[in-house]
Amino acid sequence: MSTSRYQISDDNGQKALKLFGDWTIRHSGQDSEAILDHFKQSPFEVIDGGAVEQWDSSLISLLLRLDTFAKEGQQQLHFQSLPRGAHELVELANTVPERQGADKKKEQPTLLAHIGDKVLTDYREALGFFFFLGESVKSFYRLIRGRARFRGRDLREILSDTGPEALPIVTLISVLVGIILAFVGAVQLKQFGAEVYVADLVGIAMVREMGCMMTGIIMAGRTGAAFAARIGTMQVNEEIDAYRTLGISPMDFIVLPRILALIIMMPLLCLYANFLGILGGAMISVGAMGLTFTEYWTQTINAVDMTDISLGLVKAFIFGIVIAITGCMNGMLSGRSASAVGNAATSAVVAGVVFIIVIDGLFAIITSLLGI
Amino acid sequence: MADKSSSNSIIKAEDLTMAYGDFVVQKDLTFDIKSQDIFIIMGGSGCGKSTLLKHFIGLKQPATGRVLFHSDSQQNQRESDYIDFWQAEESRRQRLMQRCGVLYQSGALWSSMTLAENIALPIGEYTDLSESDIRHLASLKLALVGLKGFEDYYPSEISGGMRKRAGLARALALEPDILFLDEPSAGLDPISARLLDDLILQLRDNLGCTLVVVTHELASIFAIGNNSVFLDAETKTMLTTGDPNELVKHSEHETVRRFLTRGAEE
């Protein structure tokens, strides 16, 4: 194995480059650059490859670059005794003309153009969202009139996926949230000797806010992403097109059962989360603060009334719609590549969580203004 | 002469221009697809063959120009012979689409359903047949494409060639007059591709379908095609239309002859 070497000779004013040794990707790195630099300063007319031992496309690349430089400078470059095949490869690379427009232009947009582009894209996305919302409403209208069709089995599958199968994670999170709330409350209320009010704090916080919000966030991450990925993959696979061309509305067939499933399941999950959160609070109060379970329970029942519970359930219902719509919409509008499906799942989760927290905030303001 | 040739045209494209936003894919496409033709849409990679197909099956609206379908003559005789697909109202378009079957490039079977359910769904949607009738029909369609006994398999459990054939069975579900096939033999081994071609010919002969096939497999083009349009990526328009077996000998366009002879010099 020998490394690449070269020699530039001047024979009666005719400059020639002679290459020796191995010209492969692993051996010729420095030399190629040096030769190109040399050529720019004082061009040579002949390249002699007679002494080249091993070579690969790095040699061809060097020859082509030299050839291009020579053509730009209106010079002729002669190749002499190149290795067998190398000459043919150089010619092959030169025969197919560069496709016009195939070279992607990398134009740096001005700041103004960039802002404009962004605004237009966002505007179109917002339009898309409202369009999708409208389509879902129409689909619901068809459902009410008994015209929408989807398979009962699909709905059952989605119900089981969004309900019972979500229970373990909802259980874990709700109990932990209850425990955390109890600890936070206990530290503060102990100073006033009012430990029993931990039950009020945990109960009201769970039922009004944390129950529905934590379920919403869990379901956005779990189910919203699954919807987007599933529908996005169907889009890649042309399955959605197949529904359309067969005159089956993908809105009715795919989106509607998912919205229905979450509308049914979210309030139920929220109730379950409320209960388990309160249980988590009880564990701390009974175990670490010396309250009896009965005391805690009576205190909770006195503190929490139906208004609080219904408020949580209404929010859970709305969050269900939000999660289903952001998930399905991102799936339906997904591009047709693996990365597009990934993006669809990501934006489904992000949009879902953001919407949930914004809506929850709005509810907090409105209910406090109305004194509910 | 124009009248005579158009009298049995089932689909017509008139001055069709296809574009994605500002980017024009093909322009000035005008050709006729006659009843019981096996019409080949051919051209090099990336020239817009599949995009053209999308204009016929209601997935993409033309930038300009018209796509005309012959109206079902049994229903409204002589009222108006051709329907402008993209100007027609939604319900009309739906009815036209029900006359068409589509085989997608990847098969596009619904992955959450078995093969039988894939075929049963459109039948159930548009007919009042009983469940067992539908099940038998689905089995029959599968048997026609050589997939007898695969009713309860899911699309992910069968091979690519079988998925194509199952896709064809689904395309046949609603007894279509017109079948659109997007690269039916792409990704198949030569024997399977040949079998699929034979199947296509049999469907035309026995069911009387008109077939519109997007392909660049030369063997298929000559074996099944009796009419065609050639889309050129460079000039962004069609170069010629006609029987590919004639075009290979007599086309005045060198690009077309080169394409049909795999670039061999004459």
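pLDDT is the predictor's confidence in each residue, on a scale from 0 to 100. That matters here since this is a predicted model, and in chain B the elements run from a mean pLDDT of 39 in helix α1 (residues 2-6), the lowest, to 92 in strand β8 (residues 210-214), the highest. Two chains, A and B, bury about 1,900 Å² between them, with three salt bridges counted across that contact. Here's a quick tour, starting with confidence and then going from the chain pair down to the domains.

**How far to trust chain B**

- Overall, chain B comes out with a mean pLDDT of 84, and 93% of its residues get to 70 or more.
- One weak spot is the start of the chain: pLDDT is below 50 over residues 1-7 of chain B, a stretch with four contacts in the model beyond near neighbours in sequence.
- Another is residues 73-79 of chain B, where pLDDT stays under 50 and the model has two contacts beyond four places in sequence.
- Where pLDDT is low, the predicted coordinates shouldn't be read in detail.

**Where chain A meets chain B**

- On the residue count, chain A puts 18 residues into the contact and chain B puts in 25.
- Of the roughly 1,900 Å² buried between chain A and chain B, carbon and sulfur atoms account for 50%.
- On the chain A side, the residues that lose the most area to chain B are A:E238, A:T245 and A:L246, which together make up 30% of what that side buries.
- Polar links show up too: eleven residue pairs are in polar contact across the interface of chain A and chain B, with both partners at pLDDT 80 or more.
- Helix α8 (residues 239-245) of chain A is the top contributor to the side of chain A that touches chain B, giving six residues.
- Sorted by class, that side of chain A holds ten charged, five nonpolar and three polar residues.
- Side chains of opposite charge can pair when their charged atoms come close.
- A salt bridge joins the side chains of A:R151 and B:E117, at 3.7 Å from N to O.

**Inside chain B: two domains**

- Domain 1 of chain B is pieced together from 1-99 + 177-188 + 209-266, while domain 2 covers 106-175.
- Their C-alpha centres are 27 Å apart, and each of the two domains of chain B gives nine residues to the contact between them.
- About 610 Å² is buried between domain 1 and domain 2 of chain B, 61% of it from carbon and sulfur atoms.
- In domain 1 of chain B, the residues losing the most area to domain 2 are B:Q98, B:L179 and B:L188, together 61% of what that side buries.
- No salt bridges turn up between domain 1 and domain 2 of chain B, and the count of residue pairs in polar contact (both at pLDDT 80 or more) is zero as well.
- On the domain 1 side of chain B, the elements giving two or more residues to this contact are α3 (90-98) and β7 (178-182).
- By class, that side of domain 1 of chain B has five nonpolar, two polar and two charged residues.

**Inside chain A**

- Chain A also has two domains assigned, with domain 1 at 5-95 and domain 2 at 148-370.
- The C-alpha centres of domain 1 and domain 2 of chain A are separated by 68 Å.
- Helix α4 (residues 111-144) of chain A holds both A:E135 and A:K138, three residues apart, or about one turn of the helix.
- The side chains of A:E135 and A:K138 form a salt bridge, 3.3 Å from N to O.
- Over all chains, the salt bridge count comes to 23.

Key:
Residues are numbered from 1 along each chain as its sequence is written. Chains are lettered from A and ligands numbered from 1 in the order in which they are written. Side-chain values use heavy atoms; hydrogens and water are left out. Contact means heavy atoms within 4.5 Å. Buried area is the accessible area (1.4 Å probe) that two parts lose on being put together, summed over both. A salt bridge is a side-chain nitrogen of Lys or Arg within 4 Å of a carboxyl oxygen of Asp or Glu. A polar contact is a pair of N or O atoms within 3.5 Å; within protein, one must be able to donate a hydrogen and the other to accept it, and residues adjacent in sequence count only if both atoms are side-chain atoms. Helices (H or I, at least four residues) and strands (E, at least two) are DSSP runs, numbered from the N terminus. Ala, Val, Leu, Ile, Met, Phe, Trp, Tyr, Cys and Pro count as nonpolar, Asp, Glu, Lys and Arg as charged, and the others, Gly among them, as polar. Domain bounds come from an automatic or database domain assignment.
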